[in-house]
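Hello,

Here is the structure I promised to pass on to you. Have a look at it first, and then read on for what turned up when I went through it.

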Protein chains: 4
Amino acid sequence: MSIFEELESEVRSYSRGWPVVFDRAVGSRIYDENGNAYLDFFAGAGALNYGHNNPQLKQALLDYLARDGVTHALDMFTVAKRDLLETLQEKILAPRDLDYKVIFPGPGGANAVEAALKLARKVTGKESVINFTNAFHGMTLGALSVTGNSMKRSGAGIPLVHATPMPYDKYFDGVYPDFLYFERLLEDAGSGLNEPAAVIVETVQGEGGINAARVDWLRGLADLCHRHGILLIVDDVQMGCGRTGPFFSFEEAGIVPDIVCLSKSIGGYGLPLALTLIKPELDVWEPGEHNGTFRGINPAFVTASEALRVYWSDDELEKSTRAKGERFGAALDGIAKGYPDAELTAKGRGLARGLEFTSGALAGRVCAAAFERGLLMETSGPDGEVMKLLPPLTLTDAEVDEGLAIIEESVKSVLAK
Amino acid sequence: MSIFEELESEVRSYSRGWPVVFDRAVGSRIYDENGNAYLDFFAGAGALNYGHNNPQLKQALLDYLARDGVTHALDMFTVAKRDLLETLQEKILAPRDLDYKVIFPGPGGANAVEAALKLARKVTGKESVINFTNAFHGMTLGALSVTGNSMKRSGAGIPLVHATPMPYDKYFDGVYPDFLYFERLLEDAGSGLNEPAAVIVETVQGEGGINAARVDWLRGLADLCHRHGILLIVDDVQMGCGRTGPFFSFEEAGIVPDIVCLSKSIGGYGLPLALTLIKPELDVWEPGEHNGTFRGINPAFVTASEALRVYWSDDELEKSTRAKGERFGAALDGIAKGYPDAELTAKGRGLARGLEFTSGALAGRVCAAAFERGLLMETSGPDGEVMKLLPPLTLTDAEVDEGLAIIEESVKSVLAK
Amino acid sequence: MSIFEELESEVRSYSRGWPVVFDRAVGSRIYDENGNAYLDFFAGAGALNYGHNNPQLKQALLDYLARDGVTHALDMFTVAKRDLLETLQEKILAPRDLDYKVIFPGPGGANAVEAALKLARKVTGKESVINFTNAFHGMTLGALSVTGNSMKRSGAGIPLVHATPMPYDKYFDGVYPDFLYFERLLEDAGSGLNEPAAVIVETVQGEGGINAARVDWLRGLADLCHRHGILLIVDDVQMGCGRTGPFFSFEEAGIVPDIVCLSKSIGGYGLPLALTLIKPELDVWEPGEHNGTFRGINPAFVTASEALRVYWSDDELEKSTRAKGERFGAALDGIAKGYPDAELTAKGRGLARGLEFTSGALAGRVCAAAFERGLLMETSGPDGEVMKLLPPLTLTDAEVDEGLAIIEESVKSVLAK
Amino acid sequence: MSIFEELESEVRSYSRGWPVVFDRAVGSRIYDENGNAYLDFFAGAGALNYGHNNPQLKQALLDYLARDGVTHALDMFTVAKRDLLETLQEKILAPRDLDYKVIFPGPGGANAVEAALKLARKVTGKESVINFTNAFHGMTLGALSVTGNSMKRSGAGIPLVHATPMPYDKYFDGVYPDFLYFERLLEDAGSGLNEPAAVIVETVQGEGGINAARVDWLRGLADLCHRHGILLIVDDVQMGCGRTGPFFSFEEAGIVPDIVCLSKSIGGYGLPLALTLIKPELDVWEPGEHNGTFRGINPAFVTASEALRVYWSDDELEKSTRAKGERFGAALDGIAKGYPDAELTAKGRGLARGLEFTSGALAGRVCAAAFERGLLMETSGPDGEVMKLLPPLTLTDAEVDEGLAIIEESVKSVLAK
């Protein structure tokens with residue numbers, strides 16, 4: 001492992017918890033160079049909703065590469081891009097009656113967020129953006145400004161301004177009315193709150209600790225934005241592409257955001273791709289006013305289109321995600337109830353699930369115990385206090401069982417001590 | 001083409017100059033869906049230094065995908081990543097006596113720049129950065145702050161601060177001493193210049209109009225930074241990976257930047273990859289203080305490693321790039337001399353070449369004429385007044401001839417009118 | 001009046017509500033050029049706590065001017081300044097056991113606030129400041145950033161950053177626990193709140209609508225600041241110098257702020273003077289790091305010293321202020337109760353009193369009616385909905401009666417319609 | 001002196017160089033408490049152009065106070081204010097054909113600058129302001145942002161943004177064309193310079209080291225601003241009111257700024273007063289959008305009006321200032337020539353004069369030697385290397401002789417060592 005220690009920056013992180021060298025992966029399994037298999041309930045932090053090296057997508061990718069399909073094309077028109085746009089329209093937008101235009105903002109989720117923020121500010125002429133406690137939107141300067149984690153914020157080296165955090169759903173355990181403070185500040189001409197261009201929100205906060213907003217809260221937020229002329233940006237980078245069940249995580253709430261950020265699993269195969277969907281009336285940019293080199297990675301277009309065709313032509317995946325999600329939810333609840341003194345809380349929606357411990361140390365020890373037993377999970381939350389489950393949506397029922405068994409054992413091994 | 005017009009944002013740009021649908025590509029050629037071939041002197045804006053779908057890289061990629069090598073791995077240790085680090089060390093860093101640590105900052109060049117700026121600010125405790133007139137560093141908020149183009153800056157929707165532009169080399173046609181203003185401001189305790197954390201510079205400004213800084217100027221800049229305790233960041237995203245001849249564009253000047261940004265062609269095949277190289281003493285980040293989903297695209301690691309092995313085990317490519325660069329330079333000079341009234345200027349270094357016209361309209365018409373003749377070139381410069389040539393470094397001598405012939409014809413067709 | 005309309009900027013404001021030309025003034029009375037007398041319950045927006053041209057202060061001033069005492073002295077040592085420092089120490093600081101050093105920050109309250117913010121940021125190395133809803137701290141850029149009024153904020157012409165507003169006491173009518181949101185954000189490492197250098201607060205918000213914080217709330221705030229290592233700045237520019245009874249408005253709460261801003265009535269006679277009091281350990285500035293031309297207006301030092309001697313050698317003024325304040329409070333309550341349908345609310349503490357109407361239009365009409373009857377009062381609050389009483393502390397009981405009679409009539413004349 | 005050391009902040013500055021306690025002052029003389037007289041060539045840093053306690057102004061002031069003229073009136077109409085506006089119009093604006101409206105921005109020069117910057121930004125919708133190397137505009141946050149001195153800037157505790165410094169006249173000793181860099185940046189769409197709302201400039205930089213811009217340079221600047229649609233703000237706080245000869249320091253250049261800042265000597269007697277003069281078309285503020293407590297200090301109005309009447313009804317003062325200024329200039333030149341090895345430079349215009357030494361230490365020792373001999377002068381310039389003379393404009397010829405004799409001796413005592 002010496003070359004990593006010698007050459008790679010100390011900023012590396014996941015390799016510290018999982019100090020093995022991975023080599024191959026298929027579906028829900030990833031293998032280290034010694035052939036040890038790990039059940040992957042981390043799934044590329046949500047970038048591998050269809051599993052590692054999904055065979056159907058793989059075939060489409062190999063065919064495309066083999067026939068010398070264009071690989072890199074910036075924002076030129078390509079056959080692969082046309083296919084992606086048509087498939088997106090046919091499989092996703094049209095059936096949901098969504099009238100969005102598509103920006104290719106750059107390769108990653110932070111690019112989708114940066115483009116969203118830039119556009120919202122340009123359209124409204126306002127600089128300020130409302131974000132939420134424990135939000136995570138990315139590490140580039142614009143995205144970092146609306147991210148909550150103080151350690152990550154301190155990495156900026158400059159004061160992060162133009163964003164004001166508001167309490168996310170259930171921040172006060174549901175005791176106070178939703179949007180109490182936010183709406184009061186908006187309505188009070190003396191509040192000192194800069195008028196916001198936009199609100200940016202995740203429907204379920206993944207990095208923030210698997211905090212799932214209630215659909216009523218989301219509806220209330222959309223309504224508040226509408227009443228005050230504030231653009232609503234849903235960052236669906238981690239929770240979109242079926243993670244919570246439906247393709248878009250906000251569908252359940254019946255809301256239509258002004259701007260939607262997609263990335264991670266939108267490429268299907270783990271190759272970088274990001275989209276920013278915007279209502280047509282927001283499409284005010286000059287040609288080239290936002291650009292970037294990696295906006296046209298055609299192999300990712302190919303796997304993205306294929307993923308939409310394979311998984312979103314019917315509602316099988318959505319149903320399966322809900323069902324498995326409920327199994328996870330029930331099992332985690334059961335674990336929580338089994339250790340009443342430990343004050344565990346099961347959290348989440350769909351296949352974004354978490355088990356909250358009273359400290360980051362405990363959650364970390366449970367994840368370490370799981371790793372020893374061949375299961376990959378990371379922690380999340382402001383203090384790393386939540387054991388986070390983001391398995392591939394394509395995992396089998398047997399893999400659910402296997403994973404839950406390891407989790408039970410791991411929790412027991414830590415809490416029984 | 002209707003789905004593009006219907007669904008894609010108006011921000012799209014290259015598709016306006018080249019209104020065809022591309023499909024396949026090999027080496028220096030790209031083909032539209034009707035089978036028309038185009039000689040590509042654009043090369044993914046510098047992301048395709050080894051040509052489209054380079055056969056050797058393609059084979060390595062197909063093999064890796066076929067054997068289910070891990071595709072997406074964040075910053076976990078992988079066999080493919082180890083190979084990249086070892087190959088980078090062996091083929092690039094060690095032979096040049098460069099002692100850098102490697103950050104995987106995210107998928108694109110803007111991520112490499114954002115990480116560089118964040119780190120420079122964190123290390124120094126200062127916010128301000130010096131950039132140069134007509135710089136281009138990317139579209140995310142931090143990178144955009146140090147980018148010169150006013151149209152792109154206006155896309156931010158917020159005032160871009162913490163950066164002060166200084167005149168790039170030859171900004172005043174060489175009449176005034178280098179760094180006259182910059183150094184005076186630094187030395188004057190009353191100048192009002194915020195003390196800079198870092199200087200960020202391109203050795204040749206691609207988007208800025210193929211402005212090639214003299215090596216003396218670069219040496220002077222490195223010396224100034226050293227004397228004043230300012231970190232020197234070279235953004236080698238477009239000019240690195242051999243574009244000007246040597247692997248790093250700053251080698252010719254004999255300088256060693258504190259931080260180097262790489263992307264575009266570092267992945268070899270056009271897949272997103274970016275690296276930020278830093279001097280070891282700057283490696284002060286906490287684990288995870290900068291992160292991101294697409295930092296471990298292993299297929300790109302595979303093609304990156306293979307590209308280093310194939311093209312950087314000896315100095316063949318470097319020599320060839322210099323030689324072809326000189327051919328282009330001489331030919332463009334000849335064209336310029338052939339139209340004395342048109343006040344054309346040949347510019348550039350290595351295989352980053354330009355022909356400057358007196359207006360963006362003229363340069364645009366020449367590029368359009370070239371497109372009609374089967375040659376892809378874009379314009380650059382603040383008013384788009386520079387016809388920009390970034391052919392694959394692997395183009396053949398015959399392709400040089402072919403391209404130059406088209407260019408001559410295209411210039412003639414426009415200027416003769 | 002034509003020269004005013006011809007030459008003075010449209011930004012003028014008080015002259016619109018009181019369109020007469022004032023000439024002379026003594027005590028609680030101000031006279032226009034036609035000899036009409038007005039009872040002044042505005043008192044220079046709190047700058048005339050001891051009445052207009054207070055005879056004792058006037059004599060000291062005339063004597064000083066007559067003997068050619070230094071008028072303007074920047075921060076040179078002067079006899080008059082020594083007297084002020086000694087008197088401040090003897091009459092104010094020592095009896096209250098307050099250990100403060102004194103900054104002469106410039107002539108006005110905004111200077112006191114700017115100095116406080118600069119110092120708090122310098123000492124802590126943090127940029128962010130917490131202010132409160134409906135705060136008013138001044139019109140210079142630093143002070144304006146922590147001011148709530150949106151109309152005034154929009155005058156800045158740049159985004160006002162580095163401040164986050166928190167709910168002032170009773171912002172939600174006392175239904176929710178104090179500091180609920182503030183403390184939660186501070187304790188949550190993922191909240192996205194930039195760590196604050198300081199909290200700046202008024203104990204009674206004058207411009208904000210005569211909102212008097214409860215002493216328990218103030219104690220809770222001081223405690224919160226202490227626990228979190230946040231500097232507490234009390235802006236006592238309007239509420240200090242006895243306006244609420246004791247010399248400092250925070251005395252009743254038994255708290256000791258880290259920094260106190262004084263201006264308005266500290267000069268005694270209406271001449272510009274401001275002080276920033278700081279705990280000795282905060283005195284980290286370099287000589288001259290903060291300066292300004294009008295920091296040593298010695299005639300104001302003379303009247304300031306005399307005012308401290310005359311009014312703060314015993315507790316007569318404090319007692320009188322409390323007693324008269326209670327009379328006003330009771331009378332305003334009575335008026336409110338007399339118009340149950342009008343939903344009036346009596347507000348305030350000491351001789352900072354208000355009557356809140358349901359709209360700014362109503363409050364404005366009452367103040368206009370009072371002006372017609374010879375009484376000056378302004379409105380305050382975000383929508384101007386509060387009739388604001390800031391009479392000289394030295395008003396007589398007969399003047400209290402007279403003023404209250406006019407107020408009753410004026411309210412009646414408006415509400416009876 | 002113990003109460004000063006005990007109670008006053010370490011930020012005090014002038015008292016360190018002149019460690020005596022001043023008491024009385026008349027004309028060009030100031031006396032300490034022991035009756036020692038000092039010839040004052042500092043004159044309140046330019047606030048006492050008409051000398052200390054000028055008898056004519058004093059009489060007007062005493063009369064006004066004695067008759068209980070209104071002292072403090074915010075922006076209400078008063079007889080004294082009407083007189084000031086009428087006198088300003090009659091004596092200053094009308095004779096010079098200047099069509100300005102008047103803002104009363106607050107008590108001091110920084111307020112005049114803050115109001116100017118706010119208005120320029122509001123009118124243009126742009127945030128950025130161009131300032132000049134070694135500018136001094138004040139200590140409040142907006143004014144400090146456009147001030148050059150790095151020690152004072154560091155007092156802000158936050159990054160000072162929205163300002164870009166350009167080289168002042170002769171910054172490169174006149175070798176390079178004026179505005180070379182500035183104009184090039186403005187014309188280059190890729191320069192990275194944020195489009196400026198305004199330029200703020202002093203015609204002679206007092207704090208910056210008595211740098212007198214040539215009238216050609218000022219004309220060039222006005223022309224550049226005009227051509228590029230940039231508002232020109234002249235900060236005449238220190239150089240206005242006759243300091244360089246004419247009432248406005250820019251008259252000699254024949255330019256008409258869009259905005260003019262006045263303070264210091266505009267009040268005549270050393271009492272705080274400031275004015276911001278604006279072209280009528282810029283008067284776009286809402287009533288009350290900029291306000292402040294000390295905008296209506298009527299005693300200062302009285303002395304201001306009287307000063308205009310006494311000194312600006314004819315051109316006697318202007319002529320005298322020029323003549324005495326030339327005497328000072330010639331004498332300082334003579335001194336400089338007398339010490340060829342010391343590389344002294346005489347600087348300035350009118351009665352703003354300086355003698356530049358090769359170090360701040362030398363200039364400081366000369367000023368200390370002068371203080372021992374009964375003459376007050378301060379140093380200025382980024383390193384305090386300029387001995388600065390700002391005598392009252394009303395000094396007598398005998399006082400010129402006396403002061404010059406002390407200066408000669410003091411220089412000799414230091415340089416002869």
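Before the symmetry makes sense, one definition: copies of a chain are superposed by least squares on the C-alpha atoms of residues with pLDDT of at least 70 in both. Please keep in mind throughout that this is a predicted model.

**How chains A and B are related**

A turn of 180 degrees, with a shift of 0.0 Å along the axis, lays chain A on chain B with an RMSD of 0.0 Å. That is the relation of a two-fold axis. The same surface serves both copies, as 100% of the contact residues of chain A recur in chain B. If you want to find the rotation axis on your screen, go to L141(A): of the residues of chain A, L141(A) comes closest to that axis, with its C-alpha at 2.6 Å.

**A sheet in chain A**

Chain A has an open sheet of four strands in the order 1-2-3-15, with mixed pairing. Its edges are strand 1 (22-26) and strand 15 (375-376) of chain A, each of which pairs on one side only. Strand 15 of chain A runs parallel to strand 3 (residues 37-40) of chain A, and two bridges join them. In this pairing, D40(A) has L376(A) of strand 15 as its bridge partner.

**A loop proline in chain B**

P177(B) sits in the loop between strand 6 (163-166) and helix 9 (180-187) of chain B. With a relative accessible area of 42%, P177(B) is partly exposed. Between P177(B) and T133(B) there are 16 Å in space, C-alpha to C-alpha, and the two are 44 residues apart in sequence.

**Cysteines in chain C**

How many disulfides does the structure hold over all chains? The count is zero. Take C241(C), which is in no disulfide: the nearest cysteine sulfur, that of C261(C), is 12 Å away. Looking from the other side, the closest cysteine sulfur to that of C261(C) is in C241(C), and 12 Å is too far for a bond. A disulfide needs the two sulfur atoms within 2.5 Å. C241(C) is buried, with a relative accessible area of 1%, and C261(C) is buried too, at 0%.

**An enclosed helix in chain C**

Helix 5 (residues 79-93) of chain C has 15 residues and spans 20 Å from its first C-alpha to its last, close to the 21 Å expected at 1.5 Å a residue. Because 11 of those 15 residues are buried, helix 5 of chain C is largely enclosed by the rest of the structure. The buried residues include K81(C), R82(C) and K91(C), along with L84(C), L85(C) and I92(C). What do the buried residues of helix 5 of chain C pack against? Within chain C, their neighbours are helix 4 (55-66), strand 4 (101-103), strand 12 (275-278) and helix 11 (298-311), and chain D adds its helix 1 (2-7).

**A covered strand in chain D**

Strand 12 (residues 275-278) of chain D is covered on both faces: L275(D) and L277(D) lie on one side, T276(D) and I278(D) on the other, and all are buried. In a regular strand, side chains alternate between the two faces of the sheet. Strand 12 of chain D pairs antiparallel with strand 4 (residues 101-103) of chain D over three bridges, and V102(D) stands opposite L277(D) there. Strand 11 (residues 259-262) of chain D is also antiparallel to strand 12, with four bridges, and in that pairing L262(D) stands opposite L275(D).

Happy browsing, and best wishes

Notes. Residues numbered from 1 in each chain as written. Chains lettered and ligands numbered in written order. Predicted model: local features only at pLDDT ≥ 70, side-chain atom pairs only at ≥ 80, totals over all residues. Heavy atoms only, no water. Buried < 20%, exposed > 50% of the residue type's maximum accessible area, 1.4 Å probe, protein only. Pairing = 2+ DSSP bridges. Contact = heavy atoms within 4.5 Å. Expected span 1.5 Å × (residues − 1).
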